[in-house]
Every structure is written in structure tokens, then in C-alpha cells.
Amino acid sequence: MMEGWEVFIPGVCGFGLHFVFDGFRLIYTLIAVLMWMVSGVFSREYMAHYANRGRYYVFLWITFIATVGVFLSADLYTTFIFFEIMSLTSYVWVAFDEKPESLRAAQTYLAVAVIGGMVMLMGLFLLYSCLETLEIQELSQAAAALARGEKGKLYLAGVLMLFGFGAKAGAFPLHIWLPKAHPVAPAPASALLSGILTKTGIFGIIILSFQLFAGDGLWGLLLTLLGLITMAMGAFLALFSINLKRTLACSSVSQIGFILVGLGMAVLLSFAGENPAMAARGAFLHMVNHSLFKLVLFLCAGAVFMKLHQLDLNEIRGYGRNKPVLKFCFLMGAMGISGIPGFSGYISKTLLHESIVEYQKALSEGVVRVSGLTNGVSLLSALEAPAAGLFLSQGFWTTAEWVFLITGGMTLAYMMKLFIAIFIEKHPTRQEEFDRMGREGREMNKSSRAVLLVPALLLPLMGLFPAFTMERLADMGQNFFRNEGLSHAVAYFHWENLKGGLCSVGIGLLLYVGLVRQVLMANHHYVDRWPVNLDLENILYRPILQTVLPGMMGAAFGLLDRYIIDVPVSIFLAVSAVVCRGMDHLADGIILLARRTSHRQVREKEAVAEHDWEAGWKKTGRLIMESFSFGLMLFCIGLCLTLGYLFYVFWTG
């Protein structure tokens with residue numbers, strides 16, 4: 001099912017690196033190029049006042065190469081290598097300003113990335129032992145030929161890899177890094193973290209869902225449940241947040257949930273014998289949409305922050321009044337992500353909603369069967385009865401549909417809260433200052449305005465002409481999902497489809513009026529009513545990693561030392577103390593001898609020389625970094641032109 005150009009680089013890390021170029025990969029490589037170019041141009045203004053911006057640019061473009069490497073990978077080994085490079089280099093974005101809150105958020109981000117990567121690696125080892133291949137295009141055939149007794153091992157490998165990919169995607173319960181990393185990272189980096197780095201995790205989940213577990217009902221149900229929880233929880237957190245970038249970060253968690261629901265429904269529809277194309281195309285298009293949404297919205301947030309250095313809604317209230325470009329761009333992103341008819345988000349959300357309706361229809365017609373739910377795997381037989389109950393429960397799927405619609409309403413409610421606070425309401429004391437900035441055009445320079453308008457204009461353009469834009473994109477990427485397209489055309493603006501979108505709009509208006517204005521505000525002031533102590537990281541993860549595990553390991557090694565190791569601890573400690581004390585005295589003696597045999601004048605000359613050498617080295621290093629960044633930007637521009645030509649070939653061919 002994979003057609004395109006392939007490149008193999010032998011000898012790298014033992015197995016070599018394997019890349020392939022097809023429609024799906026072309027689209028996401030182009031999206032990566034667009035996002036990095038827009039963020040790179042915007043960064044020139046945003047980062048102008050930072051002293052260590054050279055470091056930022058170096059890691060910005062290294063992360064670009066690693067991200068593109070993930071999307072172009074043709075085997076999971078190559079995917080893993082670039083996945084880990086991307087995780088480590090993007091850590092620098094989160095820790096960039098080195099403030100205590102930034103370092104703590106970066107610590108959380110790195111911990112999730114490393115733990116997720118190691119769990120994923122265990123899954124890869126297990127998968128290779130089962131299938132003897134990590135080539136993506138060979139996984140489906142190898143999994144189908146696997147003996148029945150090995151299916152349990154395959155499920156375990158799949159769950160381990162889902163853990164790793166889900167951690168990067170921001171799926172529940174591994175979403176904890178997003179609400180903490182985004183508020184402290186530079187806004188252009190936040191746009192990339194949310195808009196495309198999370199999609200590398202989704203990329204891996206797509207491979208698992210359509211290569212290893214295509215048509216597997218239990219896997220589809222798992223993804224759907226994770227998606228429903230993730231999208232509802234993320235929207236709920238965003239609704240309560242009063243920090244602009246934290247709200248957008250929680251929104252990213254929610255939108256990842258929408259995508260997971262689409263992937264889960266595609267697997268379930270295939271399990272039911274129905275065409276999964278609607279759900280798969282909806283998930284893919286929502287991936288594309290979310291990348292553009294967050295590029296626009298986070299850069300708008302960056303335009304606010306780089307002038308006010310504030311993100312609290314009470315502090316930035318009214319800033320966007322009399323700033324038409326900023327208001328227009330934010331409005332396009334807000335309406336797109338809210339699923340308003342006429343915008344691209346409505347198209348992808350309609351497909352996702354209709355996939356749930358389609359499954360409900362198959363259920364009511366008696367098409368869905370649950371025999372052989374786990375492919376005869378005795379290890380999972382205990383799950384068949386409860387899973388079968390969910391498969392066949394009309395009540396469960398009606399609830400799932402309402403969770404989908406209500407979450408869409410919450411999306412509109414929190415985006416209305418942001419838009420009205422920033423662009424409609426007035427600041428009680430600084431409004432005249434804010435208005436003067438707008439009249440003088442000081443909110444952004446011309447290049448920042450220009451690059452921000454490009455993705456903002458794409459959102460209504462794609463939404464108004466879906467047959468020419470979004471359906472063509474879905475056609476190009478559908479082979480990656482192993483389906484052959486829709487069995488019938490979708491009338492996006494037919495009343496039956498409009499009802500779902502308008503229902504979410506109505507719910508959103510009610511939530512804004514009844515919850516945001518009445519409960520989450522007091523005396524025209526936005527109030528943070530989320531309990532401070534209700535933090536999954538502080539309640540669960542940090543105690544486990546910092547207290548429970550060290551305690552258990554300490555007890556285990558204590559028992560090992562007491563009953564198994566023959567050498568007493570006291571002897572080991574005594575020898576260690578003698579060796580360390582001897583090395584300490586030796587070092588002191590060397591330093592004292594150096595002081596006695598050197599002259600003060602020599603020391604001063606050496607100090608001056610060392611200072612000059614250090615200053616020269618720093619200057620040279622800065623020039624190298626800036627040259628490297630400039631070279632990578634030129635490489636990106638050239639790659640964009642090349643990919644644009646290839647995109648034209650795919651589009652017209």
C-alpha cells in the first residue's frame with residue numbers, strides 16, 4: 001500500500017536508515033516546512049530581545065530535521081531514532097529562559113519523553129521478536145501470519161508502543177507536559193510543539209492501528225475510549241484556565257482526543273465490515289487542521305506576550321482592540337477550531353461525527369458482531385465480555401456522540417472566552433495605552449503580519465471549498481490508512497450534517513453564558529476556580545517516581561546486599577573512603593605545587609590570554625550558530641520549493 005520513492009542509508013546505527021516518500025508523507029513534510037518557515041520568520045521579531053537566541057535557532061532547525069525524519073521513516077527503527085532526537089532537541093525550547101518554572105516544566109517534558117521512549121523501545125524489541133521485521137509496509141502481512149499463540153505478545157508490544165507514541169501526542173493520562181510546557185516555551189516553539197510534534201505521536205498510532213491492528217475491535221475500542229476521555233478532559237481544563245497559552249495547550253489535548261476518536265472509529269468500522277474511510281479521512285484532515293489552528297493561535301498569543309509579557313486574561317484584557325490583523329487572524333483560528341460551518345474544522349469534525357453515526361446505524365441494523373473479538377487470544381479472553389457489552393450498547397454509543405458534541409461546544413465556549421477577553425472587553429486601567437499601540441501599528445512588524453495571514457487565510461478557504469482542497473488532501477493521504485476512499489460523497493452543508501455542527505454551537509453559547517460569565521467570573525474579573533492541588537503530576541507521577549520507586553529499589557538492594565552479597569558494606573565503605581581521601585589529598589598537593597612554582601605576572605598574562613581566548617571562542621561559536629541557522633533556513637526554503645513541485649506532480653498526476 002506504500003507507493004513512492006524510497007531511500008536507504010546502510011550502516012547507520014547498525015540497521016541503517018530507511019525513508020519513503022508517498023502522498024501522506026509529502027503532505028506532512030510540506031506542513032512541517034510551512035510551520036517552520038512561518039515560525040522562523042515570526043521568531044525574528046519575537047526573539048529579538050533574547051541574548052541567547054542563537055541557541056534557540058540551532059535547536060529549532062535540528063528539531064525540524066528530526067521531525068521530518070519521523071514522517072519520512074519507512075521502518076519503526078528509523079522512526080524511533082528520529083523520534084528520540086526530536087524529543088531531546090525540543091527540550092531546549094521548554095527550558096529556554098531557564099527560569100524555575102521553565103526548568104520544572106522542561107523536567108516534566110523530558111521525563112515523559114524519556115520514559116515514553118524507553119517503553120516504546122521495549123515494544124519495538126517485542127514486536128521484532130514476534131514479526132522479525134520493523135518495515136512499516138511489511139507489518140500487516142507479518143501480523144496476519146502470526147500464530148494464534150503469539151497474539152498476546154503482539155498486543156503487549158502494541159500497548160507498549162501506544163504508551164510511547166501517546167506520550168508525545170499528549171493523550172490521557174500522559175498529557176501532563178502540554179499544559180506546563182506551552183506557557184513557558186517561546187510562542188513560536190509552542191506553535192510547533194502543539195501543531196506538529198504531537199502529530200509525530202499520532203503518526204505512530206496510525207501505523208499501529210492500520211498496519212498491526214486493522215479491523216481489531218478491541219484495539220478500536222481502546223483508542224475510542226482514550227480519545228473520548230482525552231478530548232473531554234482537555235476541553236474541560238481549557239474552559240477553566242485563565243492563562244492564554246495554557247488554555248491553548250489544554251485545547252491541544254482536546255483536539256488530539258478528536259483525532260484518536262477518528263482513528264478508533266475507523267478500526268471499529270472495519271471490524272464491523274463497514275467502510276472506514278470516513279473516520280480515517282476525518283482523523284487525517286483534523287490532524288492537518290489542528291496543525292494550522294495552533295500555528296495561528298499560538299503566534300497570535302506570541303504577538304500579545306512579546307509586547308505585554310503577560311498571559312493572564314485579566315492583564316491582557318482589551319489588548320486586541322483596534323488591532324485588525326491580529327483580531328482577524330485569531331478569529332480565523334478560533335472559528336476553525338470551534339467547527340463553525342464555512343471553516344476547515346467543520347469539515348473534519350463532520351466526518352468524525354458522521355463516523356460515530358455510521359457505527360450506530362450499523363449497530364441498529366444488527367451488522368456488528370463480536371465473535372472472535374480478541375482473535376482467540378486466551379490472555380485477553382477476560383476482556384471479551386465487557387468489551388462486547390460496549391460494542392453492542394446503543395446507550396454507550398449515544399453517550400459517545402453526546403460527549404463529542406458537548407466537547408465541541410466547550411471548544412467554542414473557551415475560544416469565545418479568549419476572543420471576547422482580548423478583543424472585545426476593555427482593560428480597566430491600560431486601555432488607552434493598548435489602543436495607542438494599535439493606532440501606531442506596534443503589535444507586530446510587517447513580516448510577522450504577512451506570515452501570520454497565510455495560514456489564517458487557509459482556514460476559511462479550505463472550509464468553503466472542501467471538494468477542491470480538503471478532499472484532494474484526503475485522497476493523497478488515504479493509502480497510508482490502507483483504504484480506498486469514500487463509498488459515497490459527503491454533502492457537508494446538507495441539513496443532516498449541519499445539525500451536528502449547529503448543535504455544538506448552541507451548546508457552546510449556553511456554556512459561555514451560563515458557566516463562563518456566571519461561574520468563572522466575579523465582578524467582571526476572570527477567576528481561576530480550578531483546585532490548585534488537583535494536578536495529576538503532583539498527585540500521582542512525582543510521588544511514584546521520586547518516593548515510591550526509590551523506596552522500593554532501596555529496599556530491594558538492601559535485601560540483596562544483606563542476604564546475597566558476601567562483602568560487608570562496612571568494608572566497601574571503608575575502602576571507598578580511603579581511596580577518595582587519597583585522591584583529595586593528591587589534588588590538593590598538585591594545586592599547592594602549581595601555586596608555589598608560578599609567578600604572579602605569568603598568572604596575569606595567562607588570565608588575560610584565557611579571557612581573550614574565551615571571548616574569541618564565544619564570538620566564533622555565536623557566528624557558527626548563526627551561520628548554521630541561516631544555512632538551515634536556506635535549506636528549508638529550497639526543500640519547500642522542491643516539495644511544492646512534488647506536491648504539484650502528485651496533485652495533477
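# Exercises on salt bridges, cavities and a surface patch

Arg-317, Glu-425 and Arg-517 are joined in a network of salt bridges. The model is predicted, and the exercises below work through its charged pairs, enclosed spaces, largest pocket and nonpolar surface.

## Exercise 1. The pair inside the network

Task: state where Glu-425 and Arg-317 lie in the chain, and decide whether each is buried or exposed.

Solution.

1. The side chains of Glu-425 and Arg-317 meet in a salt bridge at 3.1 Å, N to O.
2. Glu-425 sits in the loop between helix 16 and helix 17 (431–440), while Arg-317 sits in the loop between helix 12 (313–316) and helix 13 (324–337). The pair links distant parts of the chain, 108 residues apart.
3. Buried means under 20% relative accessible area. Glu-425 has 13% relative accessibility, so Glu-425 counts as buried.
4. Arg-317 has 8% relative accessibility and therefore counts as buried.
5. Arg-517 is also part of the network with these two residues.

## Exercise 2. Two further salt bridges

Task: the structure holds 5 salt bridges; compare the pair Asp-22 and Arg-25 with the pair Arg-281 and Asp-475 by N to O distance and by burial.

Solution.

1. Side chains of opposite charge can pair when their charged atoms come close.
2. Asp-22 and Arg-25 meet through their side chains at 2.9 Å, N to O.
3. Asp-22 counts as buried because its relative accessibility is 6%. Arg-25 counts as buried because its relative accessibility is 0%.
4. Arg-281 and Asp-475 form a salt bridge at 3.0 Å, N to O.
5. Arg-281 belongs to helix 11 (residues 277–308) and Asp-475 to helix 19 (residues 470–477), so this salt bridge ties together parts that are 194 residues apart in sequence.
6. Arg-281, at 6% relative accessibility, counts as buried. Asp-475, at 40%, counts as partly exposed.

## Exercise 3. Two cavities

Task: for each of the 2 cavities of 30 Å³ or more, give the volume, the helices that contribute to the lining, and the class make-up of the lining.

Solution.

1. Rolling a probe the size of a water molecule over the atoms shows where empty space is left.
2. The largest cavity has a volume of about 140 Å³. It is lined by 14 residues, of which Lys-349, Phe-404, Gly-500, Gly-501 and Ser-504 are the closest to its centre.
3. At least two lining residues of the largest cavity come from each of helix 14 (344–364), helix 16 (394–424) and helix 20 (495–516). Helix 14 gives the largest share, 5 residues.
4. Sorted by class, the lining of the largest cavity has 3 nonpolar, 9 polar and 2 charged residues. Gly is counted among the polar residues here.
5. The second largest cavity has a volume of about 60 Å³. Its lining includes Phe-83, Tyr-109, Gly-164, Lys-168 and Trp-177.
6. Helix 4 (100–131) and helix 6 are the elements that give two or more residues to the lining of the second largest cavity. The largest share, 5 residues, comes from helix 4.
7. The lining of the second largest cavity has 6 nonpolar, 3 polar and 1 charged residues.

## Exercise 4. The largest pocket

Task: describe the volume and the lining of the largest pocket.

Solution.

1. The largest pocket holds about 880 Å³ of space.
2. It is lined by 29 residues; the closest to its centre are Lys-180, Arg-246, Trp-530, Leu-534 and Asp-535.
3. Helix 4, helix 7 (178–184), helix 9 (217–240) and helix 21 each supply at least two residues of this lining.
4. The lining of the largest pocket divides into 16 nonpolar, 6 polar and 7 charged residues.

## Exercise 5. The nonpolar surface patch

Task: find which helix gives the largest share of the nonpolar patch, and decide whether Phe-163 counts as buried, partly exposed or exposed.

Solution.

1. The patch has about 880 Å² of accessible area together, and its members include Ile-115, Phe-163, Leu-534, Leu-536, Ile-544 and Met-552.
2. Helix 21 (residues 536–563) provides the largest share, 8 residues.
3. Phe-163 is placed in helix 6 (residues 151–169).
4. The relative accessibility of Phe-163 is 31%, so Phe-163 counts as partly exposed.
5. Leu-534 belongs to the patch and is also among the residues closest to the centre of the largest pocket.

Methods
Residues are numbered from 1 along each chain as its sequence is written. This is a predicted model: local features need pLDDT of at least 70, side-chain atom pairs count only at pLDDT 80 or more; totals for chains, interfaces and linings use all residues. Side-chain values use heavy atoms; hydrogens and water are left out. Patches are made of residues with over 30% relative accessible area and no salt bridge: like charges are joined within 9 Å, nonpolar side chains (Val, Leu, Ile, Met, Phe, Trp, Tyr) within 5 Å. Accessible areas come from the Shrake-Rupley method with a 1.4 Å probe; for residues, only the protein chains shown count as cover. A salt bridge is a side-chain nitrogen of Lys or Arg within 4 Å of a carboxyl oxygen of Asp or Glu. Helices (H or I, at least four residues) and strands (E, at least two) are DSSP runs, numbered from the N terminus. Buried means under 20% relative accessible area, exposed over 50%, partly exposed in between (1.4 Å probe, protein chains only). On a 1 Å grid over the protein atoms alone, a cavity is a set of points where a 1.4 Å probe fits but cannot get out, and a pocket is an open set with protein on both sides within 12 Å along at least five of seven lines; lining residues have an atom within 4 Å of a point. Grid points are joined across faces, edges and corners, and a volume is the space filled by probe spheres set on the points.
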